[in-house]
Structure formats: C-alpha cells, structure tokens
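Open your viewer and load the model. Keep the selection panel at hand.

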Amino acid sequence: MADASQSALHAGSSLEEGIVRFLEYLHKERNCAEYTLSSYRCDLQQFARFLYPRVDNLQLPLRVVQREQVQAFVADLEEKGLKASTVARKLAALRSLFRYLCREGALVANPAGAVASPLVEHALPRHLPVEQVAEAMEAPATERFSGMRDRAILEVFYGGGIRLGELVTLNLSSLDLAEGTIKVMGKGRKERIAPIGAKAQEALKAYLQRRAEVLLECDMSQVEAGALFLNGRGKRLSRRTVQRIVERHLRTVSKDDSLSPHRLRHSFAAHLLDAGADLVAVKELLGHATLAATQSYTEVSLEHLQAIYAEAHPHGAD
C-alpha cells in the first residue's frame with residue numbers, strides 16, 4: 001500500500017514514479033533481497049528506456065502504456081536473441097509492476113496480463129557425481145589463505161545446500177560451529193538454520209584461524225570484520241567473485257557449460273535423495289517454500305533408482 005505521506009498513484013503518474021514506488025513496496029512489504037530488487041529495477045528500467053522514443057509524451061504517464069507496447073518490447077527482446085527464460089523473466093517483472101499499479105488504483109487493467117510468455121523449456125536440475133564433488137573439494141591450494149577460504153566456501157555450499165545470495169551475506173555471527181549449523185537469510189528474508197556437516201566445520205575452523213592472521217596485516221579501519229568470507233584486504237566477497245571461485249574449482253573436475261554455485265546446491269539435494277532422504281526434509285533443508293519446488297529433484301533421483309533396479313532385480317535388465 002502507498003505510504004500515507006506520499007500522494008496516491010494515478011493514471012497521470014509517470015512510469016518512473018510507478019517503478020520507484022513498486023520497488024519500495026517490494027523492499028518494505030515483501031522483504032525482497034537487494035539482488036532481487038536490483039534485478040527488478042534493471043528489467044523495468046529497460047522497458048522504460050524502450051518506451052521513451054516510441055511515445056509522444058516524454059513524461060511517460062502510466063496511461064500511455066498499452067498491451068501493444070508490451071508486446072513490441074517482448075518482440076524486440078526476442079529479435080535481439082535473448083534466451084526465452086530471460087524474456088519470460090522480464091515479462092514477469094512487468095506483470096508484477098502493473099498488477100501492483102492496478103491494486104493501487106493507478107491503472108484499471110494490466111497491460112502485460114494478456115501478453116503471451118515465450119515457451120521456456122524447464123530443464124531438470126543438473127548435479128555432479130559424488131566422486132566429482134569430492135575431487136573438487138580438494139582443488140583449492142590450502143597452503144594459501146585464498147585456497148583455504150575457497151575450500152571452506154565449496155564445503156559450505158555443498159554441505160549446507162545454500163544459495164549464492166545466502167552465502168555472500170553470511171557473517172561470523174551466522175556460525176555455530178559447536179552445533180555444526182549456520183543461520184542463513186533466505187528468499188523473502190526468511191531465516192533458517194542449515195546444518196553444514198563435519199567436512200565444512202573442519203574447513204571453516206582452518207579458514208577462520210588463517211583469516212584472523214590475515215586481518216592482523218590489514219588496515220582495520222577498512223576491514224569488514226563481521227563478514228564471514230573476505231578477500232585479502234578484509235572486504236566481503238561479492239556475488240560475482242564467489243561465482244568465479246566456484247566455477248574455477250569445479251572446472252577442474254567437469255567440462256559442463258554451467259558450473260555455478262547452484263550446481264553444488266543441486267548436488268546436495270540429489271545426493272540426499274539418492275541416499276534415501278525424505279523429500280519433505282530435503283525441502284526444509286533447501287529452504288523451499290513449497291514441496292513442488294523440491295519435486296524436480298525426484299526426477300533426477302529416479303534415474304538413480306532405475307539403474308539400481310536394472311542391476312539388482314532378476315528381471316531388471318535384458
């Protein structure tokens with residue numbers, strides 16, 4: 001809902017003002033993470049830039065936005081060769097914006113509501129075999145601070161099944177090494193406690209000891225001492241840096257195209273299910289809001305079960 005101190009949005013309000021108020025709503029009411037807000041902001045401002053040279057009124061009031069313009073935006077994205085999933089995400093952002101503006105009374109109908117989304121193929125989550133994960137954990141050169149840190153990062157991703165955004169926001173206060181758990185801030189700023197396992201505990205203890213030694217050599221006025229994973233200057237690692245770290249080490253064991261931190265999260269879930277873990281328990285460990293989000297992993301594990309069946313059952317193989 002609109003802030004009492006702000007004037008109500010209406011059809012004559014600018015698209016830019018509508019975007020700003022929508023982002024405030026996502027931040028204050030929906031507790032969206034900064035990365036999510038940044039993604040929405042980027043997609044919505046791209047649409048605004050697309051509209052400016054195509055409308056007569058440079059103030060870009062909300063009333064000028066019609067379904068035909070949203071369709072033209074989608075067609076333009078597709079002509080530029082963007083992936084169907086990317087186009088679908090941008091269209092979903094527009095639908096959410098205009099849905100909010102309709103609830104606020106600024107628009108009567110959602111101009112993006114009836115625009116067809118591109119067909120997106122939903123690929124099954126891909127994971128690494130247990131042996132490859134174990135090999136990747138040994139890839140960092142732990143005689144150096146960076147290698148010791150990288151080993152801890154890999155172990156926490158795989159041992160806890162956490163998301164990239166959850167890892168980069170971890171603080172020292174998030175750790176409970178005695179219990180072998182970490183407190184993570186998940187989607188919608190929902191906290192959960194994630195077990196991380198003995199291997200991650202061991203790697204974290206070694207990293208924390210070396211971390212303390214490195215910080216003694218840093219300018220403490222510039223150090224982000226509360227952050228868990230730091231660079232050599234004492235600064236919290238960025239999302240992009242962590243992505244590069246994970247990809248570099250996974251690249252030593254796999255030649256797949258996509259080797260993001262999410263591959264370790266997928267591996268965490270698939271290996272638990274392969275070992276007989278309960279689907280509901282895996283849902284809670286992953287921090288999924290619904291069981292449907294976790295069920296895609298059961299299809300991955302079905303291949304494992306079929307292989308076991310073919311090998312073990314008297315009539316299982318030709």
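This tour goes from the whole chain to a sheet and then to a pocket.

**Before you click.** This is a predicted model: local features need pLDDT of at least 70, side-chain atom pairs count only at pLDDT 80 or more, and totals for chains, interfaces and linings use all residues. Residues are numbered from 1 along each chain as its sequence is written, and side-chain values use heavy atoms, without hydrogens or water.

**Select everything.** The C-alpha atoms fill a box of roughly 65 × 65 × 35 Å along the principal axes. The protein has 318 residues, and 42% count as buried (under 20% relative accessible area, 1.4 Å probe, protein chains only). Now show the cartoon. Twelve helices and three strands appear (DSSP runs: H or I of at least four residues, E of at least two, numbered from the N terminus).

**Select 175–176, 181–185 and 191–195.** These are β1, β2 and β3. They form an open antiparallel sheet in the order β1-β2-β3. β1 and β3 are at the edges with a single partner strand each, so one side of each has no neighbour in the sheet. Five bridges join β2 to β3 (pairing takes at least two DSSP bridges). Zoom in on Met185: Glu191 in β3 stands opposite.

**Stay on Glu191.** Glu191 also lines the second largest pocket. Add Arg163, Lys187, Lys190 and Arg192, which are among the other lining residues. Then add Gly287, His288, Ala289, Thr290 and Ala293, also part of the lining. By class, the lining has two nonpolar, four polar and five charged residues.

Notes. 1 Å grid on protein atoms, 1.4 Å probe; cavity = no way out; pocket = protein on both sides within 12 Å on 5 of 7 lines; lining within 4 Å. Nonpolar A, V, L, I, M, F, W, Y, C, P; charged D, E, K, R; others polar. Buried < 20%, exposed > 50% of the residue type's maximum accessible area, 1.4 Å probe, protein only.
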